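Grab a pencil and work through these exercises with the model open beside you. Each task comes with a solution you can follow step by step.

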Amino acid sequence: MAIIYDRDANTFTIHTANTSYQMQVDKFGYLLHLYYGSRNSGNTNWSLLYADRGFSANPYEAGQDRTYSLDFLPQEFPGQGDGDFRSPALILRDEHGTFGSEMKYSGYEIRKGKYRLEGLPAVYASDEESETLIINLENRRLGARVSLYYGVLPELDIITRAAVLTNEGSRSFTVSRFRTASLDMPAGRYDLHTFYGRHTMERQHERTSLGHCSVSVGSRRGMSSHQYNPFVMLSDPDTSEISGRCWAMEFVYSGGFAAEAERDQFDQVRMQMGLSEDRFSYPLEPGDSLTAPEVILTYSSKGFEKMSHNLHKCIRSHVCRGKFRDAKRPVLLNSWEASYFDFDGVSLLELAKQAKELDMEMLVVDDGWFGNRFDDNRALGDWTPNEEKLGGSLGDLISRVNNMGLSFGIWMEPEMISEDSDLYRAHPEWALALPDKKPVRGRSQLVLDMSRKDVREYVYNAVCGVLDCGNIEYLKWDYNSCINDVYSHTADDQGKVLYDYMIGLYDVLERLNRRYPDVMIEGCCGGGGRFDAGMLYYTPQIWCSDNTDAVDRLYIHYGTSFAYPSSAVGAHVSACPNHQTGRVTPLRTRGTVAMSGTFGYELDPAKMSEEEKAEVREQIRGFHAVNSLVRTGNYYRLSDPFRDDYAAWAHVAEDGSEALISAVIMQNHGNMHNIYVKVRGLISGEVYRDMVTGRMYAADALMDAGMPLPQPHGDAASYVFHLEQVHNA
Ligand code: GLA
C-alpha cells in the first residue's frame with residue numbers, strides 16, 4: 001500500500017520505494033505538510049514548531065493561543081486570507097472582487113491506479129503500478145472545493161499532483177491564480193536550479209543559492225518557452241550528481257507557467273509550480289470546474305543522477321505513448337538546413353536519392369511545400385500542397401520517395417496563420433488579435449485561436465488532409481511565435497483564452513494520435529521552445545533546438561538531460577561551418593552528439609566529399625549498434641560542461657551489461673593536460689571489453705581512476721567507447 005490514511009493521527013502518508021510524503025489535517029481542519037524526503041515510518045508531526053511570533057496572526061479558531069499561526073506552519077495547499085502571507089497556491093475573488101481562498105479539509109478518497117485528467121496530458125500507469133489519493137478542501141464562504149490529486153508510482157519514486165477546483169456554491173467567483181503544487185520545506189539553506197535560455201540556446205542549467213526572497217521563473221508567452229523550462233529543482237547546497245538531497249518539479253503542460261521558490265523570514269522555503277497568472281482570470285459559474293495541470297514530483301537523497309533517472313523512466317514509459325514510445329526512430333534527412341525554402345520536386349528527389357545512397361531511412365520535407373510559401377512571410381494556414389513547386393501531387397512525391405526505399409515525413413505549423421494567406425483573407429477573426437489594436441507579429445505571423453471550436457476543426461481537418469495525401473510516417477509539428485495578443489472573438493471572458501487555447505491544442509493532438517497511430521509526431525517550437533512533458537504526451541520526441549552546432553548542443557543536451565530522456569531529444573548532424581554559429585566541428589563529433597538523441601541529418605549530401613559520405617555511412621552503422629542502449633539505458637552526466645573543459649556522458653543498460661561512454665573536449669590547448677572521465681553505472685567487480693578495440697577494462701578502475709581520453713587534435717574532438725560486460729575470469 002503506497003497510500004496510508006491514519007484515522008487516529010489524521011495523517012496521509014505516501015510511500016514510494018525510497019521516499020515518503022506526509023500531510024496532516026490539524027485540529028482546526030487545515031491541511032499541513034509534514035514531510036517529503038527519504039522513506040521512513042511513523043508520524044512526523046513532531047517537526048512542527050509552534051511559537052508566539054510577533055506579527056504572525058492567529059486564525060479565529062485558535063482563540064487566545066498565539067502560538068498557532070499559518071504565517072509559519074507548513075501548508076499543503078495555501079490559500080489566501082488565513083494569515084499565511086507567503087505565496088498562495090490559489091487566489092479567488094467573489095463577484096464583488098473580494099479576495100479570500102482559505103481552505104479547510106473536507107474529506108478524502110484512495111483509489112487503485114493513477115487518475116486521469118479530462119482534456120489534459122498526465123502521467124499514466126497500470127492499476128498494479130499506481131495508486132491515487134484525493135484530498136478535498138473547501139471554502140464554505142464561496143462554495144469552492146479543491147480536490148488535490150496525488151498519483152503515486154512507487155517503483156519510480158514519482159508522485160504526481162493535480163488539482164480540480166469546482167464551484168459548488170450558488171454564486172460565481174473568479175480564479176486569478178491556481179498553482180498545482182506547493183511544497184513547504186523546513187528551515188535550511190537551499191539551492192535553486194533553473195533552466196533558462198533563448199532561441200537556439202535552450203535549457204542552460206543555473207544554480208543559485210536561495211536568499212531571503214522569492215525567486216520566480218516562468219513563461220508569459222503562451223508556450224512553455226525557450227526562456228525558462230517548466231522544470232525546477234531545489235537541493236542542498238552541497239548536493240552533487242551522486243550525493244545529497246534534491247526535489248524536482250516538472251510541469252506536464254505546454255502553455256504559460258509559473259515556478260517560484262520563496263525563502264521566508266524563518267528560513268523555510270516554499271516551492272510552487274502551476275499555471276502562469278499572466279492574462280489569466282478564469283470565472284467559474286456554479287457547477288463549473290477548472291483543472292490545474294499536472295506536476296511531477298520526485299525526491300532523491302542520492303543526488304541529481306537518481307533524480308534524473310526517476311524522471312527519465314517516468315517520461316519515457318509513463319508520459320510518452322503509442323507505437324513510437326519504445327521504437328527505434330528512423331535515420332532521417334531533413335530538408336531544412338539542406339535547402340531551406342529553395343527546393344522543388346526534382347531537388348527533393350535528388351535529396352532522397354542521396355539519402356538512400358547513404359543508408360538513411362526517411363526523407364522529411366520541411367517548411368515550404370504548401371500554398372504560396374516561398375519565404376516565411378506568408379501562406380501559413382494554406383495547407384494545400386504547391387503542386388507547381390513539387391512538380392506533381394504530394395501523393396506522387398511520397399510514392400516516388402517510398403519507391404526509392406525511403407519513408408516520408410513532412411513539416412507543418414498548424415497553429416499559425418499568415419496575414420498573407422487565403423485562410424486569413426477568409427477568416428481574419430480566427431487569428432488571436434485585439435479588434436482595436438494592430439497585432440504584434442512574430443516571424444511575420446499570427447497565432448490561430450485554438451480556443452475556438454471551428455478553428456480546431458479547421459486545424460484538425462487540415463492536418464488530416466495532408467496526412468491522407470499518401471504514406472506519411474512522420475509529422476514535424478512546429479510552432480514559431482509566442483502568443484502576443486490575447487483576444488478571442490468567441491470567448492465570454494478573455495481571461496480564459498490562454499488556458500482554453502491549450503485545451504484546444506491538446507484536443508486536436510489527441511484526436512490525431514488516435515486517428516494516425518502509425519504516424520510519429522515530432523514536437524517543435526523554433527527548436528526547443530515547447531520542450532515539456534505536456535507535449536511529450538502527444539509527441540514522443542521534440543526537436544531540441546534550432547541550434548545544430550555540436551559544441552553548443554553539449555550545453556543544451558546537458559541541461560535538457562536533467563528532466564528529459566535521450567529518447568525525446570531531437571538531434572541532427574548538420575553541415576559546417578554551422579549555420580547558426582559559423583563554427584567548424586569534426587563530422588565525427590557532430591555524429592557523437594546527435595547520436596545521444598534521436599539522430600538524423602540536416603544537410604545536403606551532394607555537397608559532401610566521398611570521404612565524408614563514407615564517414616556518414618559508418619556513423620549510421622554505429623547508430624544502429626548503439627541506439628537501443630541510448631533510448632533505454634540510464635543516462636549519466638559525467639562532467640559539467642559549464643565547469644569542466646570537456647563534456648562527457650554515458651548511457652548504461654539497466655542491468656549494467658553494456659555502456660556507451662561519449663566525450664567531447666571543447667577546446668584543445670598546447671600540450672593539453674590529460675583528461676580522465678570517471679565512469680558510473682558499471683557493475684563493480686566486473687570487467688568490460690571495448691567492442692571496437694577489444695581492450696579490457698576493470699569496472700572499478702574506470703569508475704575510480706577514469707577512462708583516459710587520448711590527446712585531441714583540433715577543437716571539439718570526440719571520443720566514444722562502447723563497452724560490454726565480460727565475466728570476470
Ligand atoms: C523552425 C524549426 C526549424 C524549421 C523552421 C522552418 O524554426 O525549428 O527546424 O522547421 O521552423 O520554417
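**Exercise 1.** Work out how many bridges join β6 to strand β7, and which way the two run.

*Solution.* Start with the pair itself: β6 and β7 (residues 131-139) run antiparallel, joined by 8 bridges. Strands here are DSSP runs (E, at least two residues), and helices are runs of H or I with at least four, numbered from the N terminus. Two strands count as paired if DSSP finds at least two bridges between them. Now pick out one bridge: Tyr-105 has Leu-137 of β7 as its partner.

A word on the model: it is predicted, so local features need pLDDT of at least 70 and side-chain atom pairs pLDDT 80 or more, while totals for chains, interfaces and linings use all residues. Residues are numbered from 1 along each chain as its sequence is written, and side-chain values use heavy atoms, without hydrogens or water.

**Exercise 2.** Place β6 in its sheet and find the edge strands.

*Solution.* Step one, read the order: β6-β7-β8-β9-β19-β15-β14-β11-β12, an open sheet of 9 strands with antiparallel pairing. Step two, look at the edges: β6 (104-112) and β12 (201-209) each pair on one side only. Step three, check the twist: neighbouring strands are turned by 20° on average, direction ignored. Such angles are taken between axes, lines fitted to C-alpha atoms (for helices, over the stretch in contact); other angles run from 0 to 180 degrees between N-to-C directions.

**Exercise 3.** Which strands stand at the edges of the sheet with parallel pairing, each with a single partner strand?

*Solution.* First, the order of this open sheet of 9 strands is β28-β27-β26-β25-β22-β21-β20-β30-β29. Next, β28 (569-570) and β29 (573-574) each have a single partner strand, so one side of each has no neighbour in the sheet. Then follow β29: 2 bridges pair it in the parallel sense with β30 (residues 600-602), where Tyr-601 stands opposite Val-573. Finally, add helix α7 (residues 453-467), which touches β22 (407-412) and β25 (472-477) (contact means heavy atoms within 4.5 Å) and makes about 140° with the direction of β25.

**Exercise 4.** Find which residues come nearest to the ligand.

*Solution.* Begin with the 13 residues around the ligand (a heavy atom within 4 Å): Asp-366, Asp-367, Lys-476, Asp-478 and Asp-546 come nearest. Then look at polar contacts (N or O pairs within 3.5 Å): a ligand oxygen is 2.6 Å from a side-chain N or O atom of Asp-367, and a polar side-chain atom of Lys-476 lies 2.7 Å from a ligand oxygen.

Conventions
Polar contact = N/O pair within 3.5 Å; in protein donor to acceptor, adjacent residues only side chain to side chain.
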